[in-house]
Amino acid sequence: MRKIEHIGIAVKDITASNLLFEKLLGTSAYKTEEVESEGVKTSFFMNGPNKIELLEATNPDSPIAKFIEKKGEGIHHIAFDVEDISKETERLKNEGFTILNETPKKGADNKLVVFLHPKSTNEVLIELCQEIK
C-alpha cells in the first residue's frame, strides 16, 4: 500500500453535506458521480494531498443506507492506493484478512476497488484502490 487514497464519509444528504464541506475545506467538490452498482452518489474534495469522499445512498438496500441505519452518519471507510490490486488482494488474503470481493470492481473516481471485511480489520472497512489506466 502506497498511501491513504481517501477517507469515505457516509451522509444522509449529499447536497447539504457538500455545502458543509465547502465551508469547512474552503473549496468545492472537484467531482460528483453516481455508482449505480453500489447504490451510491459520491462527491470528492481535495484537502492538500488528501481526498475526502462523501457517500449518499440512492436506494434503501445500498451498503451506505444500511450503514447509516445501523451507525448513523460518519466515517464509512479508509481507502488505500495500491499499485497492483490483484497482487495486494492475494497478499492480504494470505495474511488472513477476509476479502469481501476478491474480483476487483469498478468504483468511483476511475478506480478498481476491493473491500476487506471490517471483522478482520478492527471494525474498520478498508478499501483498496487502483487507478484504471
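**Strands, rings, core and charges in a predicted model**

Colleague: Which residue does E102 meet in a salt bridge?
Modeller: This is a predicted model. The side chains of E102 and K93 come to 3.0 Å, N to O. E102 is partly exposed, with a relative accessible area of 47%. The partner of E102 is K93.

Colleague: How many bridges pair β2 with β3?
Modeller: β2 covers residues 31–35 and β3 covers residues 40–47. One bridge joins T32 to S43 in β3. Four residues lie between the strands of this hairpin, and G39 takes a positive phi near 65 degrees. The pairing is antiparallel, and the number of bridges is five.

Colleague: Which residue in β4 is the bridge partner of S43?
Modeller: β3 also pairs with β4, residues 50–57, in the antiparallel sense over eight bridges. The two strands form a hairpin with two residues between them, and G48 in the turn has a positive phi of about 60 degrees. In β4, S43 bridges to L54.

Colleague: How are the rings of F21 and F45 arranged: stacked, edge-to-face or tilted?
Modeller: There are two aromatic pairs by the rule used. In this one the ring centres are 6.0 Å apart. Stacked needs planes under 30 degrees apart and edge-to-face needs over 60. The planes here stand at 40 degrees, so the pair is tilted.

Colleague: Where in the chain do F21 and F45 lie?
Modeller: Both residues are buried. They are 24 residues apart, so the pair links distant parts of the chain. F21 is in helix α1, and F45 is in strand β3.

Colleague: Is F44 buried or exposed?
Modeller: The ring of F44 pairs with that of Y30, centres 6.0 Å apart. Y30 is in the loop between α1 and β2, and is partly exposed at 39%. Buried means under 20% relative accessible area. F44 has 1%, so it counts as buried.

Colleague: Which element gives the largest share of the largest nonpolar core?
Modeller: That core has nine residues, including V40, F44, I64 and F67. β3 and α2 are the elements that give two or more residues to it. With three residues, the largest share comes from α2.

Colleague: Which residue makes a polar contact with the side chain of D109?
Modeller: D109 sits in the loop between β6 and β7. At 9% relative accessibility, D109 is buried. Leaving aside neighbours within four places in sequence, its contacts include Y30 and F44. The polar contact, side chain to side chain at 2.8 Å, is with K51.

Colleague: Which strands hold E5 and K111?
Modeller: The side chains of E5 and K111 form a salt bridge at 3.4 Å, N to O. Both residues are buried. They are 106 residues apart, with E5 in β1 and K111 in β7.

Colleague: Is K41 buried or partly exposed?
Modeller: K41 forms a salt bridge with E56, the closest N and O atoms being 3.5 Å apart. E56 lies in β4 and K41 in β3. E56 is buried at 12%. K41 has 33% relative accessibility, so it counts as partly exposed.

Colleague: How many salt bridges come out of the count?
Modeller: Side chains of opposite charge can pair when their charged atoms come close. Seen here, a network of salt bridges links E5, K31, E33, K51, D109, K111 and E131. By the rule used, the count comes to twelve.

Technical notes:
Residues are numbered from 1 along each chain as its sequence is written. This is a predicted model: local features need pLDDT of at least 70, side-chain atom pairs count only at pLDDT 80 or more; totals for chains, interfaces and linings use all residues. Side-chain values use heavy atoms; hydrogens and water are left out. Two strands pair if DSSP finds at least two bridges between them. Rings of Phe, Tyr and Trp (its six-membered ring) pair if their centres lie within 6.5 Å; planes under 30 degrees apart count as stacked, over 60 as edge-to-face and the rest as tilted. Buried means under 20% relative accessible area, exposed over 50%, partly exposed in between (1.4 Å probe, protein chains only). A nonpolar core is a set of buried Ala, Val, Leu, Ile, Met, Phe, Trp, Tyr and Cys residues joined through side-chain atoms within 4.5 Å. A polar contact is a pair of N or O atoms within 3.5 Å; within protein, one must be able to donate a hydrogen and the other to accept it, and residues adjacent in sequence count only if both atoms are side-chain atoms. Contact means heavy atoms within 4.5 Å. A salt bridge is a side-chain nitrogen of Lys or Arg within 4 Å of a carboxyl oxygen of Asp or Glu.
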